[in-house]
Amino acid sequence: MAPTKKSKKRKKDSKKLNKRKNLGVVPMEPRASEPDWWEVFWHRNCFVSGSFGSNDEAEGFKYFFRTSKKTFDYICSLVREDLISRPPSGLINIEGRLLSVEKQVAIAMRRLASGESQVSVGAAFGVGQSTVSQVTWRFVEALEQRAKHHLWWPSSSRLEEIKSQFEACFGLPNCCGAIDATHIIMTLPAVQTSDDWCDTNNNYSMFLQGIVDHQMRFLDIVTGWPGAMTTSRLLKCSKIFKLCDAGERLNGNIRKFSGGSEIREYLVGGVGYPLLPWLITPYESDNLSPLKFNFNAVHGVAKSLAVRAFSQLKGSWRILNKVMWRPDKRKLPSIILVCCLLQNIIIDNGDELRPDVALSGHHDVGYQEHCCKQLDPLGNTLRENLAKHLYQNKERICSS
């Protein structure tokens, strides 16, 4: 059978498709064609906070974008291909020039860092509200894919380093990290409201759980779950719980001490979590023995790493600390993840986390941690072994 002839309509459609393909990749204007975005931004905003003089640009850059210029350039390199390979869709400034990759990243990071409205952020950069919205989401999508290697469960060698640091700092042998959870508060349209999302403080919120190391670097996160859940239920919905419960994580070398006591790998968490063979919580009582009191003191300092990490996260990326106005619940987990990735990128690139932008109080102000009564016998044995080990070390130091 002879091949069928293409209709005129098909030829016309084919021409349109080829035209679209040719227009699909629109190169950004060379940076030289647009006044340097930073110079313009700095001139407009250097005295806004009242903290920086006109000559203190390096510190000002870190304040506005939370990173050094070197780390900022690294972030641009991660997302550059994604930001230039899609049609600009009207991403222009008020002078009609296409936005450079650097300016797009700056707009997105300032929106995440300040938590200010899209209108306010746009005014600071000379762009409209819709441009801020488009740019921010394009950046979030790109970084979520391109920066995955900055949030991973550590290798065995890295885990040994983490355990060594926890023991050196707190005296806790074989401790692999600290775990905590926080609420991301939001408003929802009336049609989307439900008791699942309404938490104990009558806020609509989404949970974020994170495990951090001694540097307050995130090793694992889980988000997207309603804030009305308990912390213990959130844990049991997470992948880390399933892996640990199956013996596939926190299953490294067991430390043996005098008297035959054994200490396996574990995390430290607050009273809202269950006491498990691999998750150690503090003792609950108003009348603790010296041994248990000492354990709770050490445990509390170690666990505070996770509290501080969340205070740093929500202070650095204030979009997470302000009430989100009608966010897309399908997109919000990506925004949360990207903020965690940015905190890790800052640490991985040797920048210092800025203590001046961290929240001054607790990351979950107004929320009370509800005690979980679940006590696993193996977890109780491990806690007793840890308490004895810490108390013996304390007595040894006092007697020397």
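**A note on helix α5 and its neighbours**

1. A good place to start is the crossing of α5 with helix α7 (residues 129–146): their axes come within 8 Å and cross at roughly 90°. That angle falls between 65 and 115 degrees, so α5 and α7 are roughly perpendicular to each other. Please keep in mind throughout that this is a predicted model.

2. Which residues make this contact? On the α5 side they are Gln 104, Val 105, Ile 107, Ala 108, Met 109, Arg 111 and Leu 112, and on the α7 side Val 132, Val 135, Thr 136, Arg 138 and Phe 139. Sorted by class, the contact of α5 with α7 holds 8 nonpolar, 2 polar and 2 charged residues.

3. Helix α4 (residues 69–84) also packs on α5, with axes that come within 9 Å and cross at roughly 110°. Here too the angle lies in the 65 to 115 range, and α4 and α5 are therefore roughly perpendicular to each other. From α4, the residues Phe 72, Ile 75, Cys 76, Val 79, Arg 80, Leu 83 and Ile 84 meet Val 101, Glu 102, Gln 104, Val 105, Ala 106 and Met 109 of α5. The class count for the contact of α4 with α5 is 10 nonpolar, 1 polar and 2 charged.

4. Now for α5 itself. The helix covers residues 101–114, and its 14 residues reach 20 Å from first C-alpha to last, close to the 20 Å expected at 1.5 Å a residue. Is α5 mostly covered or mostly exposed? It is mostly covered, with 14 of its 14 residues buried. Just after α5 comes Gly 115, which has a positive phi, near 70°.

5. Phe 64 deserves a look as well; this residue sits in helix α3 (residues 57–65). Its relative accessible area is 3%, and the cut-off for buried is under 20%, so Phe 64 counts as buried. Leaving aside residues up to four places away in sequence, Phe 64 touches Phe 41, Trp 42, Asn 45, Arg 110 and Ala 113. Of these partners, Trp 42 is 22 residues from Phe 64 in sequence, with 9.6 Å between their C-alpha atoms. Two other partners, Arg 110 and Ala 113, fall within the residue range of α5, 101–114.

6. Finally, the overall picture. The protein has 13 helices and 8 strands, and 50% of its 400 residues count as buried. Taking contacts between residues at least 6 apart in sequence, 71% join residues at least 24 apart. The exposed surface comes to about 20100 Å², of which carbon and sulfur atoms supply 52%.

Note on methods
Residues numbered from 1 in each chain as written. Predicted model: local features only at pLDDT ≥ 70, side-chain atom pairs only at ≥ 80, totals over all residues. Heavy atoms only, no water. Helix = DSSP H or I, 4+ residues; strand = E, 2+ residues; numbered from the N terminus. Buried < 20%, exposed > 50% of the residue type's maximum accessible area, 1.4 Å probe, protein only. Contact = heavy atoms within 4.5 Å. Areas by Shrake-Rupley, 256 points an atom, 1.4 Å probe, with all protein chains shown as cover. Expected span 1.5 Å × (residues − 1). Axes fitted to C-alpha atoms, helices over the stretch in contact; angles between N-to-C directions. Parallel < 35°, antiparallel > 145°, perpendicular 65-115°, else oblique. Nonpolar A, V, L, I, M, F, W, Y, C, P; charged D, E, K, R; others polar.
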